[in-house]
Amino acid sequence: MHKCPRCGVSWYKVKDGDECSSDESIMKDPPAKVLWYLSIIPRFKHLFANVDDTKDLTWHANERNCDGMLRHPADFSQWKKIDRLYPNFGKEARNLRLGLATYGMNPYGNLSNQHSLWPVLLVIYNLPPWLYMKRKYIMFSIMISGLRQPGNDIDVYLNPLIEDLTNLWDEGVVVFDGYRNEAFKLHAMLFCTINDFPTYENLNGYSVKGHRACPIFEEYTSYVQLKHGRKIVYTRH
């Protein structure tokens, strides 16, 4: 395929006057966008096939000390609210709750300012608190590479990951549990995102500029716009 099946735009950078060129000549042009995607579903299957990892993935339900202290995301009201809203999802302790983290960086330091890398990572919050931030369990899913940061087009790059997450939420995937020696249907959800404030605008489609820049207070954001400098100051926050 040489064009997007949804909008019909060429997958390659078409130069002026090349609209009528053959597909062979167009394919010699550089691609319009590039990303590397490492599918998450086969990796979840490998994770549950390991006996020790499968036991750790249910630690929050079987071994967590429920004494009212906040030591794990399962102790927070957000986790408990999800269990109330989606009881079928919450009653299966092996269902995964994931955090998505992304941030842009320049791999060449000061040698080149014309390149940008955006890794997209997944954190599995079912694990014990001393494991889910370990490098072994932070899942690298997407690498976005280009001369400029993706900006608001990041949803285009996230599309293959979103399709897998949607499949895991709606339909589920049959996975073998190595610890209990049985097969079950695995579901997963995006529990939270981890990013800085400018990236919040790109990931969530919420403007972080202007008079209503606070995503919590929204139209009740307290602000003062300076008369001469024209800058906006947010007060009482």
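This is a short tour of one protein model, stop by stop, with something to select at each.

Before you click, note that this is a predicted model, where local features need pLDDT of at least 70, side-chain atom pairs count only at pLDDT 80 or more, and totals for chains, interfaces and linings use all residues. Residues are numbered from 1 along each chain as its sequence is written, and side-chain values use heavy atoms, with hydrogens and water left out.

**Stop 1: helix α8**

Select residues 159–170, which make up helix α8. Helices here are DSSP runs of H or I with at least four residues, strands are E runs with at least two, and both are numbered from the N terminus. This helix has twelve residues and reaches 16 Å from first C-alpha to last, close to the expected 16 Å; the expected span is 1.5 Å times one less than the number of residues.

Now pick out L161, D164, L165 and L168, which are buried in α8. They sit on the same side of the helix because they cover an arc of only 95° around its axis. (Buried means under 20% relative accessible area, exposed over 50%, and partly exposed in between, with a 1.4 Å probe and protein chains only; the arc is that of the directions from the helix axis to the C-beta atoms.) An α-helix has 3.6 residues a turn, so residues three or four places apart point the same way.

While you're here, click P160, also in α8. P160 is partly exposed, at 23% relative accessibility. Add S39 to the selection: the two C-alpha atoms are 8.3 Å apart, although 121 residues separate them along the chain. Then step past the end of the helix to G172, which has a positive phi near 85°.

**Stop 2: a ring pair at α8**

Which residue forms an aromatic pair with W169? Select Y86: the two rings are edge-to-face, 5.1 Å centre to centre, with 85° between the planes. Y86 lies in the loop between α5 (77–85) and α6 (87–90) while W169 is in α8, so the pair ties together parts that are 83 residues apart in sequence. Both ends are partly exposed, Y86 at 37% and W169 at 31%.

The model has nine aromatic pairs, counted when ring centres of Phe, Tyr or Trp (its six-membered ring) lie within 6.5 Å; planes under 30 degrees apart are stacked, over 60 edge-to-face, and the rest tilted. For another group, select W79, Y125, Y132 and F191, a cluster linked by ring pairs.

**Stop 3: the β5–β6 hairpin**

Show strand β5, residues 173–177. V173, V175 and D177 point to one face and are buried, whereas V174 and F176 point to the other and are not. In a regular strand the side chains alternate between the two faces of the sheet.

Next, add β6, residues 182–186, which runs antiparallel to β5 and is joined to it by five bridges; strands pair if DSSP finds at least two bridges between them. Look for D177 opposite E182. Four residues lie between the strands of this hairpin, and N181 takes a positive phi near 60°.

**Stop 4: R94 and its partners**

Stay on D177 and bring in R94: their side chains meet in a salt bridge, 2.7 Å from N to O. D177 is in β5 and R94 in the loop between α6 and β2 (96–102), so this link joins parts of the chain 83 residues apart. D177 is buried at 0% relative accessibility, and R94 is buried at 7%.

R94 also forms a salt bridge with E92, at 2.9 Å between the closest N and O atoms; E92 is partly exposed at 25%. Select E92, R94, D177, R180 and E182 together to view one network of salt bridges with shared partners. A salt bridge needs a side-chain nitrogen of Lys or Arg within 4 Å of a carboxyl oxygen of Asp or Glu, and the structure holds ten.

One more thing at R94: it lies over the face of F184, 3.9 Å from the ring centre. (That takes NZ of Lys or CZ of Arg within 6 Å of the ring centre and within 35 degrees of the ring normal.)

**Stop 5: helix α2**

Finish at residues 41–49, helix α2, where I41, F44, L47 and F48 are buried. Look down the axis: these residues fall within an arc of 115°, so they line one face of the helix.
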